[in-house]
Amino acid sequence: MLRRNLSALRPRGLRPPGLCPHDLRPRGLHPAGLRPAGLRPCVLALAAVALLALSPGHADAHALVTSSEPAAGGQLERAPGEVLVRFNSRVDHARSQLLLAPAREAAGGTADERRLDLLPSPDTELRAALPPLPPGRWRLRWQVLALDGHITRGDILFELRG
Ligand SMILES: [Cu+2]
């Protein structure tokens, strides 16, 4: 049930660079799509080894954002005191981070990106206090390590009106 909903949860137009190999695997290679009936055992064994190599930690879900505050694309009249990002699975707080930077039309530069100090939160969330922010467009970047060992990341853009 969880796995079926994953594609619906992914922000439109955003493909996290650390995308889980689950999603990169061609449909025919997925274990559920294998039809072993006509194959010889040695071929099956090779295929199984290849599948294992391609999909470490396959049993668990990698982490994707289910909601956030501010919401992606949100327009706020006042600067929020903190940010909150909720995930569909547990994340390792010690190996996860939230980074804030002014949003620019041209992507790439990270010089003015600052890492936010995480506040205590349930292990399916990341929460951080925000410094005072001037009006403008901001990019909150999340990068998390899920329990299945896969790193995912993405951006949440929001705007502060002055
Ligand atoms: Cu994964």
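## Strand β8 and its partner β4

In this predicted model, Leu98 has Trp142 of strand β8 as its bridge partner. Another such pair links Gln97 with Gln143, again in β8. Both belong to the antiparallel pairing of β4, residues 97-102, with β8, residues 136-145, a pairing made by 6 bridges.

Strand β4 also pairs with β5, which covers residues 114-115. These two strands run antiparallel and are joined by 2 bridges. Leu100 takes part here, with Arg114 in β5 as its bridge partner.

## Overall make-up

The chain holds 3 helices and 9 strands. Read from the N terminus, the order of elements is α-α-α-β-β-β-β-β-β-β-β-β. The chain has 162 residues, of which 17% count as buried.

Contacts across the chain can be described by sequence separation. Taking those with a separation of 6 or more, 67% are between residues 24 or more positions apart.

## The sheet of five strands

Strands β4, β5 and β8 belong to an open sheet of 5 strands, in the order β2-β9-β8-β4-β5 and with mixed pairing. Strand β2, residues 74-76, and strand β5 stand at its edges. Each of these has a single partner strand, so one side of each is left without a neighbour in the sheet.

## The sheet of four strands

There is also an open sheet of 4 strands, whose order is β1-β3-β7-β6 and whose pairing is antiparallel. Its edges are taken by β1, residues 65-69, and β6, residues 118-119. Because β1 and β6 each have a single partner strand, one side of each lacks a neighbour in the sheet.

The pairing of β1 with β3 is antiparallel and consists of 4 bridges. Within this pairing, the bridge partner of Ser68 is Val85 in β3.

## The largest nonpolar core

The largest nonpolar core has 18 residues. Which of them touch the most other members? They are Val85, Phe87, Leu140, Trp142 and Val144. At least two residues of this core come from each of β3 (82-87), β4, β8 and β9 (151-160). Strand β8 gives the most, with 4 residues.

Val85 and Trp142 thus appear both among these core residues and in bridge pairs, Val85 with Ser68 and Trp142 with Leu98. For Val144, leaving aside residues up to four places away in sequence, the residues touched are Ala63, Phe87, Val91, Ser96, Leu126 and Thr152. One of these, Phe87, is also listed with Val144 among the core residues that touch the most other members.

## Arg139 in strand β8

Arg139 lies in strand β8. Is this residue buried, exposed or partly exposed? Arg139 is partly exposed, because 16 other C-beta atoms lie within 10 Å, while the count for a buried residue is 20 or more and for an exposed one 12 or fewer.

Apart from residues up to four places away in sequence, Arg139 touches Ala101, Ala103, Asp155 and Leu157. Ala101 falls within the span of β4, residues 97-102, and Asp155 and Leu157 fall within that of β9, residues 151-160. Both β4 and β9 stand next to β8 in the order of the sheet of 5 strands. Arg104 is 35 residues from Arg139 along the chain, and their C-alpha atoms are separated by 8.5 Å.

Note on methods: Residues are numbered from 1 along each chain as its sequence is written. This is a predicted model: local features need pLDDT of at least 70, side-chain atom pairs count only at pLDDT 80 or more; totals for chains, interfaces and linings use all residues. Two strands pair if DSSP finds at least two bridges between them. Two residues are in contact if their C-beta atoms, placed from the backbone, lie within 7 Å. A nonpolar core is a set of buried Ala, Val, Leu, Ile, Met, Phe, Trp, Tyr and Cys residues joined through C-beta atoms within 7 Å.
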